[in-house]
Amino acid sequence: MIFAVEEINRSPRLLPGVTLGYHIRDSCALHPWATQAALSLVGGDVSACNPATTPQNGVPLIIGGASSITAMILSRVLGPLSVPLMSYQSSCPCLSDRRQFPNFFRTIPSDIYQARAIARLAIYFKWTWIGAVVANNDYGLVAVKVFQEETQASGVCLAFVETLNRQNIVNDARRAALAIKASSARVILIFSWYTDVRELFLQLAELNVTDRQFLASEAWSTSGNLLQHPVTSQVASGVLGTAIRSSMIEGFEDYLRSLTPSGRPDDDILRDFWEMQFACRPRLSNGTNSSDRRASLPVCRGDESLEGVNNLFTDTSQLRQAYNVYLAVYAAAHALHDRLACPNTQAVSRDGSSTCSSHRNVKPAELLQHLNIVNFTTPQGEQLYFQGADIPAKYDLVNWQKSRDGSLKLVLIGRVDGYEIRMNDTAVQWRSGSSQVPASVCSESCPPGTRVATRKGEPVCCFDCIRCAEGEISNTTDSPNCDRCPLEFWPNTEHTVCVLRQLDFLAFNETLGITLTAVAVSGTMVTTAVFVVFVYYRHTPMVRANNSELSFLLLLSLKLCFLCSLLFIGRPSAWSCRFQQAAFGVSFVLSVSCLQVKTIVVLAAFRSARPGAEALMKWFGPGQQRGSVCVFTFVQIIICIIWLSLSPPEPKPDFDTPGLKVTLKCDMASVVGFFLVLGYIGLLACTCLLLAFLARKLPDNFNEAKLITFSMLIFCAVWVAFVPAYVSSPGKYTVAVEIFAILASSYGLLFCIFAPKCFIILVRPERNTKKHMMAR
């Protein structure tokens, strides 16, 4: 403070022609003493070195209030007198309330800003599970509240909050140490005084807790007592914290080292320090020695100097509170400069005389008014102004690093300027001694492809990772939910990105397609072979029996049945979707119609053998048989034409089926039409089965009704089993099931009807006679 005052007095630009005076009182950190000293200063009860420059009505401004409680008391006491109070160390956020403390200013930021800075550090290093140990007062409780508010949106949780009372510090520190040991949190935030932290470290050392990373508030982050304590390096190396911003004051170190008691004979503090440092009594300039307090000490030689002294009082490498005092003096000087310069307006007293040039009658209220609007640049190039009671928040980021000899040293790794953090995070030495950032999470981060599922009754930081459901993805870490892919897309294996679905269909070049094609072609070839045999032996009784025309027509329809199955294989198109169902429906109706007419002819032939029933066969001649087949088939053709005209099947991807491959199939726009086609085939088949069953015991040596009965049983069994298999089959296997049903029923009809006949024709030709066939 004295250095700043003398520097200002030497300045030709700041307060030219005006000499600042000062008076220093020691409060001994006691509130009553601080109040008494302040009242004596503002009341004019001072004993100045130069009475001619001392205002008789008291000082217009007080710099002091090292603690927030002291500052609150002094501000309330001095408030009615409009005396500005400027503190260099009172950081309680409550002092920013201008309604309660309109005369208060400070050159240290509010604790809210350092709590916010530490919160941003936790977010930056992705620490989501943090323990907190705080002082049980406004300093600690407000800080932890602000920390929670700042980090809540980022998913940071406090594993525990332990409070420390200075009156019961041993027990409280023990309880906090046990909480730290029991918790899974690896990062611990401490907002408390350095003496409380020292006791906490002692308790942690007893419990052998040495693997925690500590976040420090400015109250202990630069404490030399803690740095030099032997226990600290055991439990708390790698501490990361905020500190009161430091700055170099040019000329200050030389000023300190040039001080001598002889040069300042009235400075009791300097004289006491000299006696302690050099163990001698300084000889004062008036030739007398120091007081009798240390009369036993020898008299100093006079060549003692602070040039070679290195201790806490001569170390100017990190000026923190001292720099705040320096700023406070300069703020007061600039406010006084503005008051004496009367910028913009001309102050006039009641009697009409100007008061601008008077520096002997500076009123505290006038100085208070100018402090509210002061704005200047410090000798260090820093812009300084007040926002209410506060200056722009600035902090240092410091790190406790181990030296080669094992001791701890304080290293500056970054700065905080308002809401901006500038830090060299690669220069940080963590608790482990490496540059690898320690992790402190309740649950490990959920990777892409999963979502966060909070645990019931636990903080949001404690969660489980649930894999995204089918059709959903998440492409960020710790995603709260999964997003559903569009219909045309499907998640990849990791459920991290939606990829375009691949169209899938029953192709000719795949194993299943090749197999079904081979079976269908084989059936066509077998049918053709049977057709050739029947044509070659068309004049034999076996072929001519029961209308050979129907047999040839049946073989032709079975060949169509085998061939129509090929229409279901390959990429569906508009024409193939329409033609395959029509071909399937018509060809099977033609086959079943032939069998039904053959069965009716068999029944009619045996009924006409009875007396009086000869005319029955007139109604079932060749023309009527062909006409019946045409009528039955024409009905199916009409159903297909109406269905395909009104609502035909169209090729459409089946997006409802899950999977990366989506089946391109013929979508039945009208299910009614499809079931009418199947239903009509089923009606004819059931009728044919019933008639064949009635004719199964007719007394012929070769009873074709039995063959039709077996063939219809197989046919009906295949198509009854087809319905549930068709409905339950996924993707392209639905088409495969329908093809299988077509081929199985076609083979059933072919072998049941024609295999016995071909056996007789080719292997037992002696049975291929009318006599043998008519034998009972």
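# Exercises on helices and disulfides

In this predicted model, the buried residues of α14 pack against α15 (541-544), α16 (548-564) and α21 (733-762).

**Exercise 1.** Compare the end-to-end reach of helix α14 with its expected span, and list the buried residues of α14.

*Solution.* Step 1: α14 covers residues 511-536, which is 26 residues. Step 2: at 1.5 Å a residue, 38 Å is expected. Step 3: from the first C-alpha to the last, α14 reaches 37 Å, close to that value. Step 4: the buried residues are Gly513, Leu516, Thr517, Ala520, Gly523, Thr524, Thr527, Val530, Val533 and Phe534. Step 5: an α-helix has 3.6 residues a turn, so residues three or four places apart point the same way.

**Exercise 2.** Decide whether Gln114 is buried or exposed, and find its contacts beyond four places in sequence.

*Solution.* Step 1: Gln114 belongs to helix α4 (residues 111-124). Step 2: the cut-off for buried is under 20% relative accessible area. Gln114 has a relative accessibility of 0%, so Gln114 counts as buried. Step 3: with neighbours within four places in sequence set aside, the contacts of Gln114 are Tyr139, Phe191, Ser217, Glu218, Thr242 and Tyr395.

**Exercise 3.** Identify the nonpolar surface patch that includes Ile638, and classify the exposure of Ile638.

*Solution.* Step 1: Ile638 sits in helix α18 (residues 622-646). Step 2: the patch consists of Phe634, Ile637, Ile638, Ile641, Ile642 and Leu646, with about 570 Å² of accessible area together. Step 3: partly exposed lies between the limits of 20% and 50%. Because its relative accessibility is 32%, Ile638 counts as partly exposed.

**Exercise 4.** The structure holds eight disulfides; for the pairs Cys157 and Cys461, Cys280 and Cys300, and Cys577 and Cys666, give the S to S distance, and assign the handedness.

*Solution.* Step 1: Cys157 is joined to Cys461 with S to S 2.0 Å. The torsion about this S-S bond is about 90°, so the disulfide is right-handed. Cys157 is in strand β5 (residues 157-164), and Cys461 is in the loop between β14 (450-454) and β15 (463-467). The pair links distant parts of the chain, 304 residues apart. Both cysteines of this pair, Cys157 and Cys461, are buried.

Step 2: the sulfur atoms of Cys280 and Cys300 are 1.9 Å apart in their disulfide. Since the torsion is about 90°, the link of Cys280 and Cys300 is right-handed. Cys280 and Cys300 each lie in the loop between α11 (268-278) and α12 (321-341), so the pair ties together parts that are 20 residues apart in sequence. Cys280 and Cys300 are both buried.

Step 3: Cys577 and Cys666 have their sulfur atoms 2.0 Å apart. A torsion of -80° about the S-S bond makes the link of Cys577 and Cys666 left-handed. Cys577 is in helix α17 (residues 574-608) and Cys666 in strand β22 (residues 661-667), so parts 89 residues apart in sequence are tied together. Cys577 and Cys666 are buried.

**Exercise 5.** For Cys561 and Cys688, find the closest cysteine sulfur, and state whether each residue is buried or exposed.

*Solution.* Step 1: a disulfide requires sulfur atoms within 2.5 Å. Step 2: the cysteine sulfur nearest to Cys561 is that of Cys564, 5.5 Å away, and Cys561 is in no disulfide. Step 3: Cys561 has a relative accessible area of 0% and is buried. Step 4: for Cys688 the closest cysteine sulfur is in Cys716, at 8.5 Å, too far for a bond. Step 5: Cys688 is buried, with a relative accessible area of 0%.

Definitions and conventions. Residues are numbered from 1 along each chain as its sequence is written. This is a predicted model: local features need pLDDT of at least 70, side-chain atom pairs count only at pLDDT 80 or more; totals for chains, interfaces and linings use all residues. Side-chain values use heavy atoms; hydrogens and water are left out. Helices (H or I, at least four residues) and strands (E, at least two) are DSSP runs, numbered from the N terminus. The expected span of a helix is 1.5 Å times one less than its number of residues. Buried means under 20% relative accessible area, exposed over 50%, partly exposed in between (1.4 Å probe, protein chains only). Contact means heavy atoms within 4.5 Å. Patches are made of residues with over 30% relative accessible area and no salt bridge: like charges are joined within 9 Å, nonpolar side chains (Val, Leu, Ile, Met, Phe, Trp, Tyr) within 5 Å. Accessible areas come from the Shrake-Rupley method with a 1.4 Å probe; for residues, only the protein chains shown count as cover. A salt bridge is a side-chain nitrogen of Lys or Arg within 4 Å of a carboxyl oxygen of Asp or Glu.
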